[in-house]
Structures are given as C-alpha cells and as structure tokens.
Amino acid sequence: LPQVARFQLGRSLAPAKKPGKTAFRTERRNSHRPQFAATVRASNRGVVRDPTVNTATNTPETVRIEIGEITRMQRLLQKRLFACLTILVASVAHASTYAGDWIGFRGPGGAGVAEAKNLPVDWDSSKNVVWKKTIPGLGTSMPIVIGSRIYLTSYSGYAESIDEPGDIEKLQRQVICLDRETGEIQWEKSFKAVQPESKYRPGNDSKHGYASSTPTADEKHLYLFFGISGVYCLNLEDGSTVWNTPVGDGTHGWGSATSPILYKDLVIVNASIESQSLNALNKADGKEIWRAEGIRRCWSSPLLVDVDGKQEVVLNIPGKVAGFDPQTGEELWRCDGIDDYICPTVIANDGIVYALGGRRNTAIAVRAGGKGDVTESHVVWRTNKGANVTSPVYVDGNLFWVHDTRGIAYCLNAETGDVL
C-alpha cells in the first residue's frame with residue numbers, strides 16, 4: 001500500500017496466513033461475523049491531513065477507520081462470543097479536537113478512502129487498545145463517527161448461533177451510541193423485527209445476519225434501513241424515533257444489506273429485496289417522494305456522483321449500470337452491465353463510474369452524464385477482471401480490490417483498465 005493508508009470497508013476477506021495480519025474489508029450482502037471499529041494512532045512524526053485539524057502543530061492526532069483483524073474475528077466466531085467494539089486511540093492535544101467525521105457506508109463520498117499517515121500496522125487484543133466495550137448482539141454494518149460520538153447497529157435474540165439460531169419471533173435490532181473517547185454507551189434503542197423475516201438455514205444462507213446496512217446522518221438525525229422493518233429516522237441526541245416508513249415486504253435468504261444515502265431533503269435507499277425498487281423518502285416525515293421500479297437481485301448501495309455541476313444517483317444493477325435524477329427518480333442513462341445478481345457498490349472519480357460484479361467477474365468504466373443508452377458512447381473500458389462481492393477503491397489513478405473468494409489482490413489502471 002502507499003504511505004497514505006487507504007481501506008476498503010465492509011466484509012473481511014480470506015484468512016491471513018500469519019496471526020496479526022490485517023485485510024481489506026469489502027461490501028458483501030451479509031455475514032455472520034462480530035462487529036469491530038478501530039481508531040488508529042498517528043505518530044508524533046506526522047499529523048492527520050483534515051481541514052478540521054490544526055496541521056501546524058506536530059502533536060499526535062486521532063484518525064478512525066473500520067478495520068478487521070481476521071484471525072481474531074475467526075476465534076470470536078468459533079467461540080460464539082459477543083460482538084465488541086474495540087478502539088485504538090492516541091492522546092489528543094484537546095479533548096474537543098477530532099480528525100473529522102466518517103458518515104455513511106464507506107465514509108465520505110462512498111469512496112472507502114481515508115487520508116492518514118504514520119498509522120500502526122499491527123495490533124492485537126491488548127496492544128494499543130485504550131478501551132473495549134461489550135455491545136449487545138452481532139452485526140456487519142459499519143460504525144459511523146460524528147463529532148464525539150460513534151453510532152452503530154446490531155441484532156440479537158435470534159441467529160446469534162449458527163447451530164442453534166433460536167426463535168425468530170425474538171429477533172430485534174439495536175442502535176447504539178457510544179462516546180468516542182471512553183466507549184461509554186450514551187444511549188441504546190431496540191426495535192422488534194417485523195415478521196416474517198428471512199430465516200437462518202444451513203449452507204450459504206446461514207452466513208447472513210440482520211444488521212448489515214450502515215447508517216447515515218445529517219446535522220440532527222440518524223437514518224437507518226432495516227429491510228422489511230423499514231427506514232428509520234432517529235434523533236442523534238437521544239435516539240428517539242422521528243418516523244419509520246416501510247419500503248416493501250419481500251425477503252431473501254441472503255438478507256438485506258443496502259445502505260441509505262442523503263440528497264438535499266431526501267433519503268434514498270435501494271429496496272431491491274423488499275420491493276424491487278429504488279426509493280426516495282422525505283427526510284422530514286418519511287413520506288415517499290418517488291420510486292424507480294424494476295430493480296431485482298441487487299444488494300448494491302446507491303452512490304451520488306458529481307457530473308457537470310450537478311449530481312446523479314448511480315446504481316449497479318443486474319444487466320446495467322444506470323444513472324437517476326435524485327430529485328425525481330427518472331432514469332437518465334444506462335449502459336450494458338453485468339448479467340448476474342449484484343453486490344458491489346460503484347465508485348466514481350472525475351465523472352467516471354467504476355463498477356464490479358458477477359460470478360464471471362467483470363469490471364466496467366463508464367462516463368456519467370449521458371442520456372438514454374450510452375453503451376456505445378460512454379463506456380470507457382470493460383474487462384474480465386473483477387469480483388462478485390467486493391467493491392473497489394480509487395487511489396492515485398488506480399483501482400484496487402481483493403477478490404472475495406480467490407484471495408487475489410488486483411490493481412488496474414483506472415484510465416485504461418489494464419492490470420498492473
């Protein structure tokens with residue numbers, strides 16, 4: 001990796017060969033794994049490059065990235081222990097000084113990239129750990145960080161054990177708010193799951209959980225997606241419910257996993273599993289503003305893409321990559337995509353959208369901002385190197401990802417699609 005640490009967030013990949021090695025974490029539909037967040041120490045030789053931090057000083061600062069330590073996670077899973085939140089931090093010059101917020105799935109812009117230098121490359125259950133907090137249940141959603149607080153979700157009461165999942169009627173989800181510096185729980189809210197939910201079954205279906213969607217937030221509210229239980233809006237300060245809106249009643253053995261995004265006064269969520277649609281709700285009251293239908297077998301989260309002074313919602317969909325008007329839901333453009341179910345979320349840079357997916361492994365680059373079918377006019381390149389579940393990152397003109405089953409890391413030239 002470059003000197004600047006960059007991480008892809010979501011599911012942990014193939015086990016590291018040596019204890020203590022870390023791995024990228026990439027988006028997947030769901031996974032029965034404990035949940036972690038980490039805050040990693042910057043040394044006194046460098047500072048975090050963030051506009052909210054005084055870079056003129058040479059004091060240790062704090063940066064936060066979700067990261068997984070594979071062998072430890074495996075041990076926790078095998079022993080069926082609780083999920084815990086582990087934080088590694090450095091002393092800070094002032095308690096009110098933070099290295100910036102990390103909001104939504106894969107952080108700012110959905111890019112999965114954090115600018116931070118001089119980070120540690122190894123840790124364990126005791127080394128560099130400042131605090132550790134037991135949280136109720138399990139989950140695979142990503143913690144988000146806003147000011148002095150951390151917010152994350154979990155599930156409990158059912159499917160905490162693969163061998164003995166228990167009674168699905170006892171399934172509930174939690175939203176937990178913790179103090180960023182101490183790990184103390186500030187508030188916790190529980191929500192009984194709407195039934196009938198998808199059931200745990202042997203084999204591949206048994207890998208999913210019930211808290212896989214990452215929350216997002218604005219200045220006052222937290223927005224969450226809980227599948228057929230709907231979209232929730234909560235007060236950031238105390239977790240009280242502002243509104244709850246169902247977006248469909250469909251379920252799947254692989255569960256629900258897409259994460260919401262915000263555009264002006266709208267909450268936009270891919271409810272492919274629940275209602276085969278992309279939905280926009282009013283942030284104030286949860287009322288549906290528009291719905292784009294015909295989206296099937298899609299576990300990908302939408303992304304806002306800047307193009308020609310405006311924004312489009314781009315979604316990686318089976319058979320096509322498409323851009324939508326975020327204000328109306330109108331499909332603006334589409335190109336031939338990947339003919340399979342879709343899990344990876346797109347990324348974008350300078351108006352170019354990059355998409356992966358499919359069991360045959362495909363990667364596509366397409367210029368946003370077109371109209372109608374842009375397969376012939378806007379597709380920049382297409383290659384048979386890709387991944388079925390992994391979402392890529394863009395770093396200094398290159399695309400990076402790790403294949404979800406083969407244990408192969410890829411680096412492609414983003415301009416040409418050539419494998420480097």
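## Pairing strands

Two strands count as a pair if DSSP finds at least two bridges between them. With that in hand, let us look at this predicted model, beginning with one pair of strands. Strand β19, which covers residues 277-282, runs antiparallel to β20 and is joined to β20 by five bridges. Within this pair, N279 stands opposite R291 of β20.

## The four-stranded sheet

These two strands belong to an open sheet of four, arranged in the order β17-β18-β19-β20 with antiparallel pairing. At the edges are β17 (261-263) and β20 (288-293); each has a single partner strand, so one side of each lacks a neighbour in the sheet. On average, neighbouring strands here are turned by 25° against each other, ignoring direction.

## A closer look at I261

Edge strand β17 is home to I261. Is this residue buried or exposed? Its relative accessible area is 16%, and because buried means under 20%, I261 counts as buried.

Leaving aside residues up to four places away in sequence, I261 touches L266, V267, I268, P302, L303 and L304. I261 and G104 are 157 residues apart in sequence, while their C-alpha atoms are 7.2 Å apart in space.

## The second largest pocket

Two of the residues touched by I261, L303 and L304, turn up again here: along with P108, G109 and G110, they lie nearest the centre of the second largest pocket, which is lined by 26 residues. Its volume is about 540 Å³.

Which elements give two or more residues to this lining? They are β13 (216-217), β17, β21 (303-307) and β25 (347-349), and β21 gives the most, with four residues. By type, the lining of this pocket has 13 nonpolar, eleven polar and two charged residues.

Key: Residues are numbered from 1 along each chain as its sequence is written. This is a predicted model: local features need pLDDT of at least 70, side-chain atom pairs count only at pLDDT 80 or more; totals for chains, interfaces and linings use all residues. Side-chain values use heavy atoms; hydrogens and water are left out. Axes are lines fitted to C-alpha atoms, for helices over the stretch in contact, and angles run from 0 to 180 degrees between N-to-C directions. Buried means under 20% relative accessible area, exposed over 50%, partly exposed in between (1.4 Å probe, protein chains only). Contact means heavy atoms within 4.5 Å. On a 1 Å grid over the protein atoms alone, a cavity is a set of points where a 1.4 Å probe fits but cannot get out, and a pocket is an open set with protein on both sides within 12 Å along at least five of seven lines; lining residues have an atom within 4 Å of a point. Grid points are joined across faces, edges and corners, and a volume is the space filled by probe spheres set on the points. Ala, Val, Leu, Ile, Met, Phe, Trp, Tyr, Cys and Pro count as nonpolar, Asp, Glu, Lys and Arg as charged, and the others, Gly among them, as polar.
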